[in-house]
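Colleague: Could you take one part of this model and give me a close look at it, with cut-offs included? I'd like one connected walk-through rather than a list.

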Amino acid sequence: MKRQHVGTLTPEDLGQRVLLKAWVHRRRDLGGMMFLDLRDRSGLVQAVVYPETASEAHSVLEPVRSEWIVEIEGEVVARDDANINLEKATGAIEIRVDRAAVISRAETPPFVLESYAEASEELRLRYRYLDLRRPELARNFLLRHQIVSATRRFLETHGFLELETPILTRSTPEGARDYLVPSREAPCQFYALPQSPQLFKQLLMVSGFERYYQVARCFRDEDLRADRQPEFTQVDLEISFTDEDEVITLIEGLFSEIFPLAGIEIETPFPRLSYQEAMARYGSDRPDVRFDLEIADLSDLLGESGFRGFSAAIESGGVIRGFAVPGASNASRKQVDGWVSIARRAGAQGALTLRHRDGELQFQVKQALSQSELESVSERLGLAEGGLALLIAGPEATVARALGALRLELAKAYDLIPPNRHAFLWVQEFPLVDGDAENGWNALHHPFTSPDPRDLELIATDPGRVRSRAYDVVMNGIELGGGSIRIHDGDLQRRVFDLLGISAAEAEARFGFLLEALKYGPPPHGGIALGLDRLIMLMSGAPSIRDVILFPKTTSASCLMTEAPSVVDDSQLEELGIECRPQVGTDD
């Protein structure tokens with residue numbers, strides 16, 4: 001007989017004889033009868049062994065415990081109505097076993113393979129190959145496979161070629177630290193693992209391939225968080241003769257294909273916000289718009305107020321902004337102090353409250369504002385009875401950052417984020433650079449992002465006001481990916497390098513191959529990179545990006561299972577011309 005996967009069995013198979021080879025997920029004995037939940041990558045099914053009708057099979061299976069692998073044959077039968085389990089795909093059937101064999105024995109696992117709560121993450125990562133047996137975790141990787149396959153099909157139907165760019169390349173730092181690889185053939189010289197295929201995919205556009213994509217492995221030596229890993233995967237693509245609208249429409253079409261695979265229906269087109277609008281209304285360049293709490297500007301209402309804290313902010317070129325939280329008027333002093341601490345950590349001097357309680361408007365600083373000023377503020381913020389408003393004054397960027405942090409905190413505190421709701425949007429027109437003339441300018445995205453043609457004259461006179469042709473796609477306040485229209489003019493690229501403090505000599509040393517390529521008929525081009533790991537994390541509902549990467553690293557960039565990184569033989573180091581010195585303050 002041909003082996004079947006346990007999760008493929010349905011009531012349509014009733015009466016059929018089947019052969020299963022699977023792990024024992026759970027074993028139960030009841031009045032002589034033996035029940036085995038059998039598991040393979042397709043799911044679970046229950047098998048039952050009656051000693052009076054299958055004594056030999058019962059004897060063979062008697063020593064079996066969880067995680068042993070068994071082979072069974074038997075008939076697919078219907079469960080009794082009282083025993084149907086609607087939570088399982090195979091919950092209406094079971095296998096009545098009449099022949100069995102043990103394929104592989106297993107020691108008792110170091111943790112129960114049924115509940116995350118039973119084991120620490122460190123222990124699960126140490127035995128990752130066992131952790132991956134959990135149905136909850138295995139489903140993440142089935143989904144990942146489906147998403148990648150669907151993405152490939154979608155892009156191929158839209159004329160894209162899947163092309164592979166090098167893993168060993170030269171170091172061209174793009175913000176994070178590079179992982180370096182020593183060269184045996186060229187002592188004291190190093191390759192770098194790519195932080196992205198950015199430069200290569202631009203060169204492919206110069207080559208005339210027009211539409212490229214890659215499910216690309218990338219590497220960044222940076223501090224890790226729940227949504228970051230030192231090695232990660234992105235869906236990377238580039239298009240010649242394109243513009244922002246074409247890239248955005250393409251990605252919305254892709255999302256319409258892949259998100260329903262995770263049970264998430266989406267509506268297109270997504271809303272689009274400029275960077276300035278996103279920061280002013282939500283205090284973030286990746287706003288979560290699943291809930292309201294929209295920030296409003298109060299500068300015109302309170303700029304000439306007798307309250308010095310407000311008027312001084314306006315006189316120094318700052319702003320006064322705030323938002324209202326329904327149902328928060330009875331917030332305690334301790335709660336408010338906690339919110340003030342959040343605002344201060346974001347750089348603000350503090351935050352002030354305005355409560356609408358018992359028919360009155362109560363500002364934190366008594367008699368600092370007139371009744372008409374209070375009423376005007378209340379009206380603009382939509383502050384209703386029982387609500388509380390938070391107000392912050394100061395430099396525009398600081399106020400936006402502080403209110404953005406508070407907006408998220410208050411939404412969680414008052415349970416304002418609707419469950420199972422998803423909100424997508426695009427953020428566009430980012431500043432080309434941040435910083436200032438005194439301390440230098442830095443590329444907000446990367447140095448190959450094209451400036452907005454409307455702002456080219458400002459590069460020399462007011463760089464901070466130059467908008468870029470960059471765009472990010474955001475879901476639930478998390479950036480899923482970012483891209484831009486690239487610079488395809490060599491002279492403009494040199495101007496941007498100069499703005500960033502990259503001298504002509506340094507530009508030639510680091511990016512000479514790109515500048516050379518831009519001499520030979522480069523087409524206008526642009527693209528985007530989507531963080532695949534982050535996408536799968538959100539689509540699956542996993543709490544951490546580590547739950548959607550097969551063999552992830554810890555927050556210290558180590559692999560607990562293989563104990564990497566590790567010491568290597570002295571002979572290997574000698575061959576590479578490398579000498580390891582102990583770190584300062586250690587005896588190692």
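Modeller: Helices here are DSSP runs of H or I with at least four residues, strands are runs of E with at least two, and both are numbered from the N terminus. Bear in mind that this is a predicted model: local features need pLDDT of at least 70, side-chain atom pairs count only at pLDDT 80 or more, and totals for chains, interfaces and linings use all residues. Numbering starts from 1 along each chain as its sequence is written, and side-chain values use heavy atoms, with hydrogens and water left out.

I'd zoom in on strand E23, residues 525-531. Six of its seven residues are buried (under 20% relative accessible area; exposed is over 50%, partly exposed in between; 1.4 Å probe, protein chains only), so E23 is largely enclosed by the rest of the structure. Two strands count as paired if DSSP finds at least two bridges between them. Strand E11 (residues 231-240) runs antiparallel to E23, joined by seven bridges, and E22 (residues 478-485) is also antiparallel to E23, over five bridges. Leu 530 is a handy anchor: Val 235 stands opposite Leu 530, and Gly 481 has Leu 530 as its bridge partner too.

Leu 530 also takes you into the largest nonpolar core, which has 41 residues. A core is a set of buried Ala, Val, Leu, Ile, Met, Phe, Trp, Tyr and Cys residues joined through side-chain atoms within 4.5 Å. The residues with the most contacts inside this one are Leu 237, Phe 255, Phe 259, Leu 480 and Leu 530. Elements that each supply at least two residues include E11, E22, E23, helix H4 (135-157) and helix H16 (532-540). Helix H6 gives the largest share, seven residues.

Follow Phe 255 next. Counting contact as heavy atoms within 4.5 Å, and skipping neighbours within four places in sequence, Phe 255 touches Leu 530 and Leu 480, plus Pro 260, Ile 266, Phe 270, Phe 424, Val 473 and Leu 535. Phe 255 also shares one aromatic cluster with Phe 259, Phe 270 and Phe 424. For aromatics, rings of Phe, Tyr and Trp (its six-membered ring) pair if their centres lie within 6.5 Å; planes under 30 degrees apart are stacked, over 60 edge-to-face, and the rest tilted.

That rule gives 15 aromatic pairs. In one of them, the rings of Phe 307 and Phe 310 have centres 4.9 Å apart and planes at 90°, so the pair is edge-to-face. Trp 426 and Tyr 471 are edge-to-face as well, 6.3 Å centre to centre with 75° between the planes. Trp 426 sits in strand E18 and Tyr 471 in strand E21, 45 residues apart, which links distant parts of the chain. Trp 426 is buried at 0% relative accessible area, and Tyr 471 is likewise buried at 0%.

A couple of backbone oddities to finish. Most residues other than glycine have a negative phi, and most peptide bonds are trans. The bond joining Thr 268 and Pro 269 is cis, with omega about 0°, and Pro 269 is in the loop between H6 and strand E12 (272-274). Past H16, in the loop leading to H17, you'll find Ala 557. Phi of Ala 557 is positive, near 60°, and Ala 557 is partly exposed at 27% relative accessible area. Pro 565 lies in the loop between H16 and H17 too, and the peptide bond from Ala 564 to Pro 565 is cis.
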